[in-house]
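Take a moment with the sequence and the model before reading on. The walk below goes from one helix to the core, then to a pair of strands and a few unusual backbone angles.

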Amino acid sequence: MTSQMSDPAISLETPVRAPSSVPVDDAVIPFEVSALDLRGRLTRLGPALDELLVRHDYPAPVAKLLGEAVVLTTLLGSSLKFDGRFILQTQTDGPVSFLIVDFRAPARLRAYARFDQARLGDALDSGALLGRGHLAMTIDQGPDMSRYQGLVALEGGSLEDAAHEYFLRSEQIPTRVRLAVGEEWRRDGNGPKRGWRGGGMLLQFLPKAPERARQADLDPGDAPPDGSAAHTVAEDDAWVEGQSLIGTVEDIELIDPDLSGERLLYRLFHERGVRVFPPQALQAQCSCSRDAVEAMLKSFAPQDRSGMVKDGKVAVTCEFCSSVYEFTPQQAGAE
Ligand SMILES: [Zn+2]
């Protein structure tokens, strides 16, 4: 992921200004704390996340989990170049057996989850909902570029845990991620209104001297047979400070509709100085189309197409956006 990161152009003439107090929803703000060699991104999602989740009639815990996956996707995928595609998927043995978030740079998001209602029970946190399996992240930068896939095991932990594991094992970049999703209740002229909101932050330590980025293993695994302690690595002071700062971020700060992203970043990093880059807008938009569905139908074997005729027509529902496309048997080639 980070190897794909495009550096925002840094101009030395960037004026110093006070943080904007105007909240901007549905956007990612890249930022930098150069005094600590930290780079990061802050996501704030409002209407776009609500649109993604209410298209599906998910129970609240499933919607919240999928929302967290959407926030994580925006933190990891938003550095892709134009037309790039970032896909995050989980495949696990828990009540939510599969989820997918598909991000197409620079802005489009779509997502869905598969779950077993009967097994949801009291499983409320993301670790219990997912269970064990794996998380896959795929980067597709277009036909001329090779596809990249990163895999990380899910072992009953949260998506935040999985992201940390991924960066520790695969990228070896000191990274912390925070994800928060919640439902907001607001009163407007028509009475109470509810809507999903999400927020997240990615913080990475990218010192010029690579030896400063050494990290202790998260899981030392088996104890050494001679009984000596597992080796420990002293973390760089700047990264210790970065982790302690991101550790103070509350869920409510990440999703608070009245707290601007810039103010949140200023609140955290003002003593060291934080530079923000222009926000990148995000939107909920599916890429399905009648033509694409028709082409897919025509790629099926004739007997499969015939098996899809119900009540004199062929109906195909897009799992991402719940759009229904209807065809006559002739149109679907199912006669
Ligand atoms: Zn669709």
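**A helix and its cover**

The buried residues of helix H5 are covered by several elements, including helix H2 (60-77), helix H4 (126-130), strand E6 (132-140), strand E7 (148-155) and strand E8 (175-188). This is a predicted model. H5 itself spans residues 159-171. Its 13 residues reach 17 Å from the first C-alpha to the last, close to the 18 Å expected at 1.5 Å a residue.

Which residues of H5 are buried? They are Leu159, Ala162, Ala163, Tyr166 and Phe167. These residues lie on the same side of H5, because they cover an arc of only 135 degrees around the axis. After the helix comes Gln172, with a positive phi near 50 degrees.

Now step back to the whole chain. The protein has ten helices and 14 strands. Of its 335 residues, 34% count as buried. Take the contacts with a separation of 6 or more: 67% of them are between residues 24 or more positions apart.

Next, the core. In soluble globular proteins, nonpolar side chains tend to be buried together. Here the largest nonpolar core has 69 residues. Leu66, Ala69, Val70, Leu72, Leu109 and Ala111 have the most contacts inside it. H2 gives the largest share of this core, ten residues.

Follow Leu72 outward. Beyond its neighbours within four places in sequence, Leu72 is in contact with Leu88, Leu159, Ala163, Val177, Leu179 and Gly200. Leu159 and Ala163 in that list have appeared before, among the buried residues of H5. Gly200 will return shortly, in strand E9.

Turn to strand E2, residues 38-45. How many of its residues are buried? Eight of eight are, so to speak, under cover by the 20-neighbour cut-off. Leu38, Gly40, Leu42 and Arg44 point one way from E2. Arg39, Arg41, Thr43 and Leu45 point the other way. Both sets are buried, arginines included.

E2 pairs with two strands. Strand E1 (residues 27-33) runs antiparallel to E2, and seven bridges join them. In this pairing Ala27 stands opposite Arg44. Strand E9 (residues 191-205) also runs antiparallel to E2, with eight bridges between them. There, Thr43 has Gly200 as its bridge partner.

E1 and E2 form a hairpin, with four residues between them. Asp37 sits in that loop. Its phi is positive, near 60 degrees, in a residue other than glycine. Asp37 counts as buried, with 20 C-beta neighbours inside 10 Å.

A second aspartate deserves a look. Asp26 lies in the segment before E1. Asp26 is not a glycine, yet its phi is positive, at about 55 degrees. Is Asp26 buried or exposed? Asp26 is buried, because 23 other C-beta atoms lie within 10 Å.

Most residues other than glycine have a negative phi, and most peptide bonds are trans. The chain also holds a cis peptide bond, between Ala105 and Pro106, with omega about 5 degrees. Pro106 lies in the loop between strand E4 (96-104) and strand E5 (108-115).

Notes:
Residues numbered from 1 in each chain as written. Predicted model: local features only at pLDDT ≥ 70, side-chain atom pairs only at ≥ 80, totals over all residues. Buried ≥ 20, exposed ≤ 12 C-beta atoms within 10 Å, placed from the backbone. Pairing = 2+ DSSP bridges. Expected span 1.5 Å × (residues − 1). Arc of directions from axis to C-beta. Contact = placed C-beta atoms within 7 Å. Core = buried A, V, L, I, M, F, W, Y, C linked by C-beta atoms within 7 Å.
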